[in-house]
Amino acid sequence: MSRFDIYMSGVGGQGIGLLSEAIIRAADYAGLAVCGVDTHGLAQRGGMVESFVRIGTLTTPLVRKGSAKLVLALERTEALRAVELFAAPGGTLLYYDTCWQPLSVRLGTEKETSAEDVAAACARLDVRVIPVRTELPDVRMQNVALLAVAAKEKLIPGVGVEHYEKALADLLPERALQGNLKVLKG
Amino acid sequence: MKSLGDMLLNTGPFSEIVLGNTALARAMIESGTEVIASYPGSPTPEIGAALMSVPKERRPYYFEFSTNEKVATEVACGASLNGRPSCVFFKSVGLNVAADSFVQLSLLELNGGLVAILGDDPGANSSQNEQDNRHIARLAYIPVLEPASPAEAYTFYLEAMKLSRKRKMPVILRMTTHVCHGKEKVSFAGWTPRPIGSVPAFDSSAGPSIPLTTRALDMKRRAIARLAEVAQETDGSPLHELREGNDPSKGVITAGLPFRSLVDVLEDAAEKPDILKLGVVHPLPKGLVADFLRSHASVKVLEELDDVLEREIKALAFDLGIRTVIVGKTDPEDWIGEYTPDKVAEVLAKTWPSLVPRKRAERAATLAPRPPQMCPGCGHRSAFHAIKQTLAKEDITVADIGCHTLGFLPPYKMGEVLLSMGHSTGTAAGLSLFNTTRKVVAFLGDSTFFHAGLPGIVNAVFNNHNLTLILMENGTTAMTGHQDHAGSGGNANGPADAIPVRAVLEGLGVKSIREADTYSQAKLTAMVKEAVAEEGFSVVIARHPCMLKYTREQQRTPGYVRKSVNIDQEKCDKLHVCVESFGCPSFQRDEEGRVVVSEELCIGDGSCIQTCPAKAIGVKKVQEGGGKA
């Protein structure tokens with residue numbers, strides 16, 4: 001199968017690790033070669049977190065700038081940064097439209113990134129943009145809300161909702177699984 | 001949910017998607033590693049998490065988080081002297097702490113074998129430098145194996161332990177951040193559980209194990225001889241890989257993750273050089289490298305961080321009279337940062353400009369990077385906010401390693417110099433000499449207090465230094481994922497008696513000790529004011545449990561009620577103390593300058609309420625129902 005590079009970003013604490021591993025496992029259940037890597041370190045303390053997943057190649061998990069056919073972001077500011085750095089022309093940005101203001105915005109020295117800023121960058125870079133914002137029983141399910149749209153819109157070629165389901169079943173304890181599956185299947 | 005512990009103990013051959021760090025834990029089990037010790041530090045703590053995921057009574061090994069990397073090394077060394085296959089693992093800079101004992105390991109007869117896993121951090125993702133630990137391997141006469149992927153981490157560990165047991169010498173497995181954290185499917189072999197023997201096999205006649213007088217030199221002779229044997233044995237090792245390209249005039253010698261980046265980048269190249277990937281990077285496989293040099297007109301040494309291989313390869317070519325053009329690092333940037341595919345493309349272009357066509361557009365972000373920060377509810381934030389009220393602008397604050405290091409960032413700017421774990425009291429002592437005008441305040445976390453903080457404190461008492469130490473006690477090793485420490489009431493094997501920080505300080509002879517919960521900000525401010533006014537060495541224990549850990553535990557409890565603060569916009573005078581000075585990330589600012597609370601972030605701890613001069617902050621209940629995700 002052809003290469004499919006995914007770049008993910010968010011703020012530490014948003015659950016990007018689960019999102020990334022769910023995609024890796026789903027791709028594996030779909031019979032695809034897949035590898036990935038998270039960059040965390042200090043990131044769980046509200047810094048930027050990123051994760052790379054590559055499908056159809058095992059050369060290296062690290063994605064090159066400008067080559068991700070799918071960019072997933074859990075936060076609007078990080079969505080803008082991610083798309084500018086990593087989205088491939090013709091690719092897609094799927095992001096959860098919430099804002100965790102960076103310090104500069106909270107200090108009043110910079111303006112908050114708006115959905116229009118993100119849309120403009122996507123237009124400039126020839127990237128399709130899908131913002132997501134939905135009622136959720138728990139804010140910690142925003143990562144799975146993105147996965148639900150990725151599944152429904154078939155954003156990752158060859159990976160279907162049944163694969164994501166199996167992946168989540170591997171990763172979540174029973175008490176959390178049912179609620180998340182409900183979000184996944186809409 | 002799949003159980004990590006069950007997977008690690010699986011007796012049949014199987015394959016699973018794992019982290020590099022998890023693959024290492026499985027390799028330890030398969031190889032019969034009996035004693036494992038560590039001190040937590042990124043990129044390696046998930047090895048410990050994997051080992052601890054097996055219930056204690058089912059563990060076919062003993063595992064501990066020791067008080068520091070040096071002690072961990074000694075525990076592994078002692079166990080190996082007793083005939084037990086042993087392993088120690090820690091982060092890059094942990095080796096500096098361990099070094100005093102670590103450099104002695106190769107002088108001993110390590111009967112059981114000992115593998116040291118070093119987690120180097122190119123790019124300094126979560127470290128204070130990006131030091132290249134291959135240097136210390138040379139200094140200590142220890143072989144180094146370097147895997148490039150989780151699958152290799154598994155097989156290389158098995159090989160490292162085999163080699164170590166055969167030669168009774170230490171072997172280093174050098175990991176780097178993205179090899180530790182890489183995730184892929186790894187095929188594991190079967191494993192047969194064996195009971196751990198109860199015979200302590202230490203035999204002093206197998207030594208000498210005391211490197212004093214002329215014995216030290218004999219022991220060094222033995223270490224060097226063993227290293228030479230390893231060089232011979234591993235020259236033809238299948239751990240090395242030769243990958244042919246289609247341009248026989250050019251070759252690249254590389255190792256580890258840069259190899260994977262190179263293969264990726266060369267997919268764009270029409271004429272691909274041959275690649276020699278070294279699996280054993282020390283001692284250099286001289287025969288293999290010489291053959292590779294001789295068969296190419298031009299060879300690039302593609303090496304992350306320092307020029308360790310480059311120097312050895314050039315020296316080898318000189319000794320053997322090989323005339324191949326050898327190109328290593330070409331400018332200072334080649335020494336810096338992780339060798340990602342983008343970086344490798346840049347580095348290669350400096351040597352062979354037309355090798356990889358430049359068809360990629362430059363990409364840059366318009367936004368500034370988002371630095372990490374203290375979590376909502378963090379006790380350190382309350383502490384910094386309170387302490388700042390009483391220190392003068394010219395006073396000097398010394399940071400240490402831990403979550404509280406993040407206090408150096410705006411808006412707190414507390415902690416202006418940082419060296420290493422536990423340095424703060426010593427550095428502060430130096431700053432206090434011939435200084436009668438600027439107060440000196442040092443910070444230290446509680447895990448670091450036990451790790452390397454004690455000698456500096458003893459020194460401050462012993463030599464009567466004039467400074468105030470603020471012990472930021474949160475009851476855990478928070479930065480690396482909440483591991484227990486000597487003062488936390490547990491260890492890797494279950495509950496344990498906590499060693500109280502205050503009793504230790506009293507025992508060390510500290511006369512001036514004050515304690516406050518950091519949420520009692522006014523009290524803490526007053527205490528620090530008194531403490532810095534005193535002559536001599538004073539300690540203020542600024543205590544509050546890690547709220548990230550606490551909140552996660554609460555969220556798993558049935559009946560948990562999610563809370564948040566809110567701002568009464570009628571009362572708010574837009575003074576912005578909450579958002580600009582206290583700086584909790586839950587406070588956000590809208591376009592009219594109104595402050596709103598992000599309910600996604602706020603944990604409702606209320607530590608901010610006391611900071612509002614207009615008394616506009618209150619607590620509300622957001623959502624009931626615990627035990628969700």
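Select His576(B) to begin: His576(B) is partly exposed, because 17 other C-beta atoms lie within 10 Å. The model is predicted, and the backbone here is one of its less usual spots: His576(B) has a phi of about 65 degrees, positive although the residue is not a glycine. For comparison, most residues other than glycine have a negative phi, and most peptide bonds are trans. To place His576(B), display the loop that runs between strand S22 (561–567) and helix H20 (577–582) of chain B.

Next, go to Ala124(B). Here too phi is positive in a residue other than glycine, near 45 degrees. Ala124(B) sits in the loop between strand S5 (114–120) and helix H6 (134–139) of chain B. Is Ala124(B) buried or exposed? Neither label applies: Ala124(B) counts as partly exposed, since there are 17 C-beta neighbours inside 10 Å.

**Cis peptides in chain B**

Select Ser42(B) and Pro43(B). The peptide bond that joins them is cis, and its omega is about 15 degrees. Pro43(B) belongs to the loop between strand S2 (35–38) and helix H3 (45–53) of chain B.

Then select Pro410(B) and Pro411(B). This peptide bond is cis as well, with omega near 5 degrees. The loop that holds Pro411(B) runs between strand S15 (396–398) and helix H15 (424–432) of chain B.

**A sheet in chain B**

Colour strands S9, S11, S10, S13 and S14 of chain B. In the order S9-S11-S10-S13-S14, they form an open sheet of five strands with mixed pairing. Which strands lie at the edges? They are strand S9 (241–243) and strand S14 (325–327) of chain B, each of which pairs on one side only. On average, and with direction ignored, neighbouring strands of this sheet are turned by 20 degrees against each other.

Zoom in on the S9 edge. S9(B) pairs with strand S11 (residues 273–278) of chain B in the antiparallel sense, over three bridges. Within this pair, look for Leu242(B), which stands opposite Leu276(B) in S11(B). Now add helix H10 (residues 257–266) of chain B, which packs on the sheet and touches strand S10 (247–255) and S11 of chain B. The direction of this helix makes about 145 degrees with that of S10(B).

**Chain B as a whole**

Zoom out to chain B. Its secondary structure comes to 20 helices and 25 strands. The radius of gyration of chain B is 27 Å, close to the 25 Å from the globule rule for 629 residues, so chain B is as compact as a globular protein of that length. Taken along the principal axes, its C-alpha atoms fill a box of roughly 80 × 65 × 60 Å. Of the 629 residues in chain B, 52% are buried. Among the contacts in chain B between residues at least 6 apart in sequence, 79% join residues at least 24 apart. If the display is coloured by confidence, chain B averages a pLDDT of 95, and 99% of its residues score at least 70.

**Across to chain A**

Show both chains. The predictor assigns the complex an ipTM of 0.97 and a pTM of 0.97. How many residues are in contact between the chains? On chain A there are 53, in contact with 49 residues of chain B. On chain A, the elements giving two or more residues to this side include helix H1 (16–29), strand S2 (34–39) and helix H7 (174–185). By class, the side of chain A that touches chain B has 23 nonpolar, 16 polar and 14 charged residues.

Select S2(A) with strand S8 (residues 182–188) of chain B. These two strands pair across the chains in the antiparallel sense, over three bridges. Gly36(A) is found opposite Lys183(B) in S8(B).

**Inside chain A**

Hide chain B. Chain A has seven helices and six strands, in the sequence pattern β-α-β-β-β-α-β-α-α-β-α-α-α. Its C-alpha trace spans about 45 × 35 × 30 Å along the principal axes. Buried residues make up 60% of its 186 residues.

End at Cys122(A), in helix H4 (residues 115–124) of chain A. Cys122(A) counts as buried because it has 23 C-beta neighbours inside 10 Å. Leaving aside residues up to four places away in sequence, Cys122(A) touches Val83(A), Leu93(A), Val127(A) and Val129(A). As a last distance to display, Cys122(A) and Ala87(A) are 8.8 Å apart, C-alpha to C-alpha, and 35 residues apart in sequence.

Notes:
Residues are numbered from 1 along each chain as its sequence is written. Chains are lettered from A and ligands numbered from 1 in the order in which they are written. This is a predicted model: local features need pLDDT of at least 70, side-chain atom pairs count only at pLDDT 80 or more; totals for chains, interfaces and linings use all residues. pLDDT is the predictor's confidence in each residue, from 0 to 100. Two residues are in contact if their C-beta atoms, placed from the backbone, lie within 7 Å. Helices (H or I, at least four residues) and strands (E, at least two) are DSSP runs, numbered from the N terminus. Ala, Val, Leu, Ile, Met, Phe, Trp, Tyr, Cys and Pro count as nonpolar, Asp, Glu, Lys and Arg as charged, and the others, Gly among them, as polar. Two strands pair if DSSP finds at least two bridges between them. The radius of gyration is taken over C-alpha atoms; the globule rule is 2.2 Å times the number of residues to the power 0.38. A residue is buried if 20 or more other C-beta atoms lie within 10 Å of its own, exposed if 12 or fewer, and partly exposed in between; C-beta atoms are placed from the backbone. Axes are lines fitted to C-alpha atoms, for helices over the stretch in contact, and angles run from 0 to 180 degrees between N-to-C directions.
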